[in-house]
Amino acid sequence: MSDSDALTDLERGREDCVLRFADGASFRLEYLELRLACPCAKCGPRQENEQRIIEFREEVMRLRLDKPKAELVGRYGLRFSWPTGCSSGIYSFGLLRQVAEQAGSSLA
Ligand SMILES: [Zn+2]
């Protein structure tokens with residue numbers, strides 16, 4: 001992980017959040033996208049192929065995604081606790097940056 005991937009700030013809104021990184025890049029990201037990238041042992045296997053991703057997305061979209069709790073894990077990641085029952089995945093800053101770039105909107 002490079003230092004530019006380090007998360008410097010997280011602002012949690014009702015339905016999305018703003019992630020700011022050490023290199024100055026910032027992104028607005030919906031919780032849905034964040035939830036779909038959950039790296040825990042339960043959700044990880046659901047992102048393995050296209051068909052499972054589609055099913056996983058449909059399932060997550062049916063849930064009401066309330067604002068998750070976020071907790072810093074060391075200096076390298078965040079643990080999000082989702083009210084809908086998933087709380088063991090640790091999102092490394094590198095993963096957060098990757099999801100933000102793929103699914104978020106860049107805030108110049
Ligand atoms: Zn999970």
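**Exercise 1. Place Ser 4 in the chain and decide whether Ser 4 is buried or exposed.**

Solution.
- Step 1. Ser 4 is found in the segment before β1 (7-12). The model is a predicted one.
- Step 2. Count the neighbours: 12 other C-beta atoms lie within 10 Å of Ser 4.
- Step 3. The cut-off for an exposed residue is 12 or fewer. Ser 4 is therefore exposed.
- Step 4. List the contacts. Leaving out residues up to four places away in sequence, Ser 4 touches Phe 21, Ala 22 and Asp 23.
- Step 5. Look along the chain as well. Ser 4 and Arg 97 are 93 residues apart in sequence, but their C-alpha atoms are 9.5 Å apart in space.

**Exercise 2. List the secondary structure of the protein chain in order.**

Solution.
- Step 1. Count the elements: the chain has three helices and seven strands.
- Step 2. Read from the N terminus. The order is β-β-β-α-α-β-β-β-α-β.

**Exercise 3. Work out the strand order in the open sheet of four strands, and find what packs on this sheet.**

Solution.
- Step 1. The order is β1-β2-β3-β7, and the pairing is antiparallel.
- Step 2. Find the edges. β1 and β7 (105-107) each pair on one side only.
- Step 3. Check the twist. Neighbouring strands here are turned by 25 degrees against each other on average, direction ignored.
- Step 4. Take one pair. β3 and β7 run antiparallel and are joined by three bridges. Within this pairing, Phe 27 has Ser 106 of β7 as its bridge partner.
- Step 5. Add the helix. α3 packs on the sheet and touches β1, β2 and β3. The direction of α3 makes about 80 degrees with that of β3.

**Exercise 4. Do the same for the open sheet of three strands.**

Solution.
- Step 1. The strands stand in the order β4-β5-β6, with antiparallel pairing.
- Step 2. The edge strands are β4 (69-73) and β6 (90-92), each paired on one side only.
- Step 3. From one strand to the next, the twist averages 30 degrees.
- Step 4. Three bridges link β5 and β6 in the antiparallel sense. Leu 78 has Tyr 91 in β6 as its bridge partner.
- Step 5. α3 packs on this sheet, touching β5 and β6. Its direction makes about 75 degrees with that of β6.

**Exercise 5. Which residues have the most contacts inside the largest nonpolar core, and which elements supply this core?**

Solution.
- Step 1. Recall the background. Nonpolar side chains tend to be buried together in soluble globular proteins.
- Step 2. The largest nonpolar core has 16 residues. Leu 19, Leu 29 and Leu 96 have the most contacts inside it.
- Step 3. Trace the suppliers. At least two core residues come from each of β2 (16-21), β3 (26-30), α1 (31-36), β5 (77-81) and α3 (93-103).
- Step 4. Pick out the main one. α3 gives the most, with three residues.
- Step 5. Zoom in on Leu 29. Beyond its neighbours within four places in sequence, Leu 29 has contacts that include Leu 19, Leu 34, Val 99 and Ala 100.

**Exercise 6. Locate Arg 28 and classify its exposure.**

Solution.
- Step 1. Arg 28 is found in strand β3.
- Step 2. There are 15 other C-beta atoms within 10 Å of Arg 28.
- Step 3. A residue is buried at 20 or more and exposed at 12 or fewer. The count for Arg 28 lies in between, so Arg 28 is partly exposed.
- Step 4. Not counting residues up to four places away in sequence, Arg 28 touches Asp 16, Val 18, Gly 104, Ser 105 and Leu 107.
- Step 5. Compare a distance. Arg 28 and Glu 59 are 31 residues apart along the chain, and their C-alpha atoms are separated by 22 Å.

**Exercise 7. Test the length of helix α2, then its burial.**

Solution.
- Step 1. Helix α2 covers residues 50-62, which is 13 residues.
- Step 2. At 1.5 Å a residue, α2 should span 18 Å.
- Step 3. The end C-alpha atoms of α2 are 19 Å apart, which agrees.
- Step 4. Turn to burial. α2 is hardly covered: one of its 13 residues is buried.

**Exercise 8. Test the protein chain against a compact globule.**

Solution.
- Step 1. For 108 residues, a compact globule would have a radius of gyration near 13 Å.
- Step 2. The protein chain has 13 Å, so the two agree.
- Step 3. Add the extents. The C-alpha trace spans about 35 × 25 × 25 Å along its principal axes.
- Step 4. Add burial. Buried residues make up 21% of the 108 residues.
- Step 5. Add contact range. Of the contacts between residues at least 6 apart in sequence, 48% join residues at least 24 apart.

Definitions and conventions
Residues are numbered from 1 along each chain as its sequence is written. This is a predicted model: local features need pLDDT of at least 70, side-chain atom pairs count only at pLDDT 80 or more; totals for chains, interfaces and linings use all residues. A nonpolar core is a set of buried Ala, Val, Leu, Ile, Met, Phe, Trp, Tyr and Cys residues joined through C-beta atoms within 7 Å. Two residues are in contact if their C-beta atoms, placed from the backbone, lie within 7 Å. The expected span of a helix is 1.5 Å times one less than its number of residues. Two strands pair if DSSP finds at least two bridges between them. Axes are lines fitted to C-alpha atoms, for helices over the stretch in contact, and angles run from 0 to 180 degrees between N-to-C directions. The radius of gyration is taken over C-alpha atoms; the globule rule is 2.2 Å times the number of residues to the power 0.38.
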